[in-house]
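Please open the model in a viewer and keep the selection panel at hand. The tour proceeds by selections, from a rule of classification to the ligand.

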Amino acid sequence: MAVPAWRERGVEPVAWFHNPNIQPAAEVERRLESMLRFSREAGLGLVVEERPSEAAAWREWVAALAAATPDERCATCLGLRLRAAAAAAARLGMPRFSTALSVSPYQRHDLILAAGQAAADEHGVTFAYLDLRDVFRRSYSESRRLDLYRQAYCGCVASKWEAWHARTLRKRAG
Ligand code: SF4
């Protein structure tokens, strides 16, 4: 729902797909396939960033995982991704960039904002933050209507384990 939200504000967005921290590779394929289908459906321009070699992706991820706490891990991860987004915006001649992460109520929005602003300063572009948590449910319904893949965890192996652990506890609680 990030796309209609920007269009309602008179902005025609161009989507950019990149995340070196999605694991395993099959999960990247599922999310990318949905993104390609959604962009066709919505008449949306889409740029797919070439995936870094597995070795490079792994080095980036290990740097994020080495952080001491989950919050530090996520701050490092968001920094990696939003710096890449800012660099892509500058390279593509776009003065502003944003992120669909802002639809998620599960993300730390203070971390998104800090990482986005730092990335923007580094690359001479503007970070256009829009809090879209209020459209999360609508976004979920729309993805069901279009039969798009719905991710069950944020992206990294640690988040996959955390999601599995939370589901297990909920089941046990009955
Ligand atoms: S949980 Fe999400 S934001 Fe945090 S490190 Fe993993 S992929 Fe990155």
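A residue is classed as buried if 20 or more other C-beta atoms lie within 10 Å of its own, as exposed if 12 or fewer do, and as partly exposed in between. The model under inspection is predicted, and this rule is applied at the first stop.

**Glu60**

Select Glu60, which is located in helix α3 (residues 54-65). Is Glu60 buried, exposed or partly exposed? There are 18 other C-beta atoms within 10 Å of Glu60, so the residue is partly exposed. Next, add Pro20 and Leu80 to the selection: Glu60 touches both, when residues up to four places away in sequence are left out of account. A distance drawn between the C-alpha atoms of Glu60 and Leu80 should read 8.0 Å, although 20 residues separate the two in sequence.

**The whole protein**

Now select the entire protein and display it as a cartoon. Its secondary structure consists of 7 helices and 4 strands. Followed from the N terminus, the elements come in the order α-β-α-β-α-α-β-α-β-α-α. Along the principal axes, the C-alpha trace spans about 50 × 40 × 30 Å. How does the radius of gyration bear on the overall form? A compact globule of 174 residues would have a value near 16 Å; the protein has 16 Å, and therefore agrees with that expectation.

Colouring by burial gives another view: 21% of the 174 residues count as buried. A contact map may be shown alongside. Among contacts with a separation of 6 or more, 71% join residues 24 or more positions apart.

**Helix α2 and the residue after it**

Select residues 25-42, which form helix α2. This helix has 18 residues, and the distance from its first C-alpha to its last is 26 Å, close to the 26 Å expected at 1.5 Å a residue. Then move to Gly43, just after α2, where phi is positive at about 65°.

**The ligand shell**

Finally, select the ligand together with its surroundings. How many residues surround the ligand? The shell has 11 residues, and the closest are Cys74, Cys77, Cys154, Gly155 and Cys156. By class, 7 residues of the shell are nonpolar, 3 are polar and 1 is charged.

Highlight α4 (70-91) and α7 (157-173) in turn, since each of these helices supplies at least two residues of the shell. Which element provides the largest share? Helix α4 does, with 4 residues.

Terms used
Residues numbered from 1 in each chain as written. Predicted model: local features only at pLDDT ≥ 70, side-chain atom pairs only at ≥ 80, totals over all residues. Near = placed C-beta within 6 Å. Nonpolar A, V, L, I, M, F, W, Y, C, P; charged D, E, K, R; others polar. Expected span 1.5 Å × (residues − 1). Rg over C-alpha atoms; globule rule 2.2 N^0.38 Å. Contact = placed C-beta atoms within 7 Å.
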